[in-house]
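Student: Could we go through this model together? I would like to begin with its pockets.
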Amino acid sequence: MTQTIEPSATATTTASGLRSLYLIRVIFSLIWVAFVFTTSATLVSTDRPTVMAAVLLIVYPLWDVIATLLERRMAGTVSTDHVSTINVALGLVTTIGMIIAVFSTIGTALLVFGIWALLSGAIQLVVAIRRRRTIGAQWPMIISGGLSVLAGLNFAAMSASATSGLSTVAGYSAFGAFWFLVSVIVLSIRSRRAKR
């Protein structure tokens, strides 16, 4: 996949847009985690999802689609960016898969979530590596993408275990929020240094 090298002014605008979006993602993730822990943390893989758990599981990949579309707009990424298009398609397919999965068990939903975390983590790695050249300060997103790949493998493997549940997914989301927050801080420091 080819990447257009952006001028420094565009890179600054992109970094600013990313900081804003990452903060929104942190807030969303923390609210989502709070809802999971207060309504659905005791559900395990053999349980059928409650209505609230079903809504939370469907909303999470759908939010990623919305965040990717916002990123295109806020961060000034090229509208023909094939990687973000793939990410949007993956999120939509996962949302549909999750709608089907929530009529089964938490274990089925964990399997869908695991496959999505694995693939979206791989996409995040690709995007972060590409942005490192133009924006810089992408090491937190590289780490986060790599950890998402590992977490996805873990969720898929755990989906058959009778003791695995939604609390592990909430932990994944909280950890993702942490890395988005680290990215905000790193991008802010880099931006201040660039202005000197």
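Tutor: A definition comes before that: a pocket is an open set of grid points with protein on both sides within 12 Å along at least five of seven lines. Please also keep in mind that this is a predicted model.

Student: Understood. How much space lies in the largest pocket?
Tutor: The largest pocket holds about 630 Å³ of space. It is lined by 38 residues, and those closest to its centre are Arg25, Asp64, Gln124, Ser144 and Phe180.

Student: Which elements give two or more residues to that lining?
Tutor: Helix 1 (8–39), helix 2 (51–74), helix 3 (82–101), helix 4 (106–134), helix 5 (139–158) and helix 6 (166–195) each do so. Helix 4 supplies the largest share, with 8 residues.

Student: And what is the lining like by class?
Tutor: It has 19 nonpolar residues, 13 polar and 6 charged.

Student: Back to the centre of the pocket. Which side chain meets Asp64 in a salt bridge?
Tutor: The partner is Arg25, with an N to O distance of 2.5 Å. The structure holds 1 salt bridge.

Student: What does that pair tie together?
Tutor: Asp64 belongs to helix 2 and Arg25 to helix 1, so the salt bridge links parts that lie 39 residues apart in sequence.

Student: Is Asp64 buried or exposed? And Arg25, buried or exposed?
Tutor: Asp64 has a relative accessible area of 8%, so it is buried. Arg25 is buried as well, at 12%. The cut-off for buried is under 20% relative accessible area.

Student: Changing topic: how many residues has the largest nonpolar core?
Tutor: That core has 34 residues, and Trp32, Met98, Phe113 and Leu166 have the most contacts inside it. Helix 4 gives the most to this core, namely 9 residues. A second, separate core has 13 residues, among them Ala15, Ala128, Phe180 and Val184.

Student: What does Phe113 touch, not counting residues up to four places away in sequence?
Tutor: Phe113 touches Tyr60, Met98, Phe155, Val169 and Tyr172 on that count.

Student: One last residue, Thr94. Where is its place?
Tutor: Thr94 sits in helix 3. With a relative accessible area of 7%, Thr94 is buried.

Student: Which residues is Thr94 in contact with, leaving aside neighbours within four places in sequence?
Tutor: Thr94 is then in contact with Pro61, Val112 and Trp116.

How values were computed: Residues are numbered from 1 along each chain as its sequence is written. This is a predicted model: local features need pLDDT of at least 70, side-chain atom pairs count only at pLDDT 80 or more; totals for chains, interfaces and linings use all residues. Side-chain values use heavy atoms; hydrogens and water are left out. On a 1 Å grid over the protein atoms alone, a cavity is a set of points where a 1.4 Å probe fits but cannot get out, and a pocket is an open set with protein on both sides within 12 Å along at least five of seven lines; lining residues have an atom within 4 Å of a point. Grid points are joined across faces, edges and corners, and a volume is the space filled by probe spheres set on the points. Helices (H or I, at least four residues) and strands (E, at least two) are DSSP runs, numbered from the N terminus. Ala, Val, Leu, Ile, Met, Phe, Trp, Tyr, Cys and Pro count as nonpolar, Asp, Glu, Lys and Arg as charged, and the others, Gly among them, as polar. Buried means under 20% relative accessible area, exposed over 50%, partly exposed in between (1.4 Å probe, protein chains only). Contact means heavy atoms within 4.5 Å. A salt bridge is a side-chain nitrogen of Lys or Arg within 4 Å of a carboxyl oxygen of Asp or Glu. A nonpolar core is a set of buried Ala, Val, Leu, Ile, Met, Phe, Trp, Tyr and Cys residues joined through side-chain atoms within 4.5 Å.
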